[in-house]
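Trainee: I would be grateful for a close look at one part of this model, together with its surroundings. Please take the account step by step.

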Amino acid sequence: MADVDPLSQAISRLSPVSGQNSSGVNTVLRSAEDRLSLGAARSSSSVLTADGLHAWSSFVPNSVLHQMNNITTSDGNSELPPLRTFEAATLFADASGFTALTEKLAQHKNGAELMCEIMNRFIGAVIQIVHQHGGDVVKFAGDAVSCIFEVGDVGGSGAAHLQQAVGRATCCALELHRKLHNFVGYDDGTEASRVLLCLHIGVGCGTVTMMHLGGHHGRWEYVLAGDPQNQATEGEPLATSGETCLSPQAWAIVQGVATGTRVGGAAGEAGEAAPFMLVTAIDVDAIELSLGPHVAAPLRMLRAPEELLPLLRR
């Protein structure tokens with residue numbers, strides 16, 4: 001049993017029909033994205049209608065759901081969502097501690113089940129906080145999450161302008177640290193057994209393009225592209241556990257209402273490229289968060305609506 005990776009085992013066991021409903025995270029979302037696709041929904045055996053879109057809300061990001069809602073008619077006729085370009089702040093959060101947790105749980109016969117429960121609590125809390133700040137979780141990559149904070153009318157939750165979007169993303173990152181830093185992932189009662197989980201986060205901003213790629217066997221994958229994605233993923237490794245690193249572009253937008261320190265410490269020389277910044281605080285009132293309702297249902301990993309099961313099993 002020691003050779004079994006409980007994280008992999010947990011993911012392999014998380015079918016959408018096992019267990020009861022949960023407010024946790026769908027850790028098999030990547031495969032669900034492939035199967036819960038517009039192409040699959042348009043197949044001869046299943047038709048996606050506007051009335052049935054609510055069943056998808058636990059499996060796809062709000063931004064995709066909103067786009068699909070705009071192109072789907074009541075009789076089920078729909079077309080491939082068009083390429084969409086918009087301004088947004090991006091947030092990429094990676095968790096540290098899961099490797100140690102996996103090694104610890106490998107010693108238990110029920111390690112996979114324990115990993116499911118821990119990931120539900122931890123990643124589920126991440127999703128909830130992101131939604132509370134008007135963001136949208138768009139991708140999972142193992143124990144990391146990629147989020148966007150859009151500018152514009154996105155189901156009533158979009159930011160009014162880019163500064164507000166970056167402000168929301170920054171506030172969200174600081175709140176993630178406040179609530180989840182040194183999160184107790186596992187503890188059997190002894191100090192030596194305790195495994196703590198933390199996040200390190202990168203934030204970027206600018207113009208993002210959402211496109212739908214694929215088509216093979218009627219399956220599609222939505223992809224976010226653009227420099228903001230690169231900014232967030234470049235900033236994330238510059239932050240240690242409990243820190244958030246803003247790209248030069250994101251920092252330039254909120255530097256008047258935020259405090260932070262330059263990555264590497266000392267100020268650079270004249271003419272040097274703008275630095276990545278580790279943000280320490282932001283004035284919430286100054287950026288006017290004014291969060292609207294977020295219409296996406298919480299992502300969950302267990303039971304799916306019966307009408308979706310044929311699509312999931314393909």
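Mentor: What follows concerns a histidine in a strand, and then the largest pocket and an asparagine in a helix. The model is a predicted one, and the description should be read on that footing.

The residue to begin with is H200, which lies in strand β5, a strand that spans residues 195–214. H200 counts as buried because its relative accessibility is 13%, and the cut-off for that class is under 20%. The side chain of H200 makes a polar contact with the side chain of E236, at 2.7 Å. E236 is also among the residues that H200 touches when those up to four places away in sequence are left out. The other residues in that set are F92, A93, D94, S96, H177, A239, T240, S241 and E243.

F92 leads on to the largest pocket, whose volume is about 200 Å³. Its lining consists of 16 residues, and F92 is one of those closest to the centre, along with K139, S146, L224 and Q229. Strands β1 (84–96), β2 (136–141), β3 (144–150) and β6 (220–225), as well as helix α8 (227–235), each contribute at least two lining residues. Of the contributors, β6 provides the largest share, with four residues. Sorted by class, the lining holds nine nonpolar, four polar and three charged residues.

For a contrast with H200, consider N70 in helix α4, which covers residues 62–71. N70 counts as exposed because its relative accessibility is 54%, where the cut-off is over 50%. Its C-alpha atom is 8.9 Å from that of P81, a residue 11 places away along the chain.

Definitions and conventions:
Residues numbered from 1 in each chain as written. Predicted model: local features only at pLDDT ≥ 70, side-chain atom pairs only at ≥ 80, totals over all residues. Heavy atoms only, no water. Buried < 20%, exposed > 50% of the residue type's maximum accessible area, 1.4 Å probe, protein only. Polar contact = N/O pair within 3.5 Å; in protein donor to acceptor, adjacent residues only side chain to side chain. Contact = heavy atoms within 4.5 Å. 1 Å grid on protein atoms, 1.4 Å probe; cavity = no way out; pocket = protein on both sides within 12 Å on 5 of 7 lines; lining within 4 Å. Points joined across faces, edges and corners; volume = space filled by probe spheres on them. Nonpolar A, V, L, I, M, F, W, Y, C, P; charged D, E, K, R; others polar.
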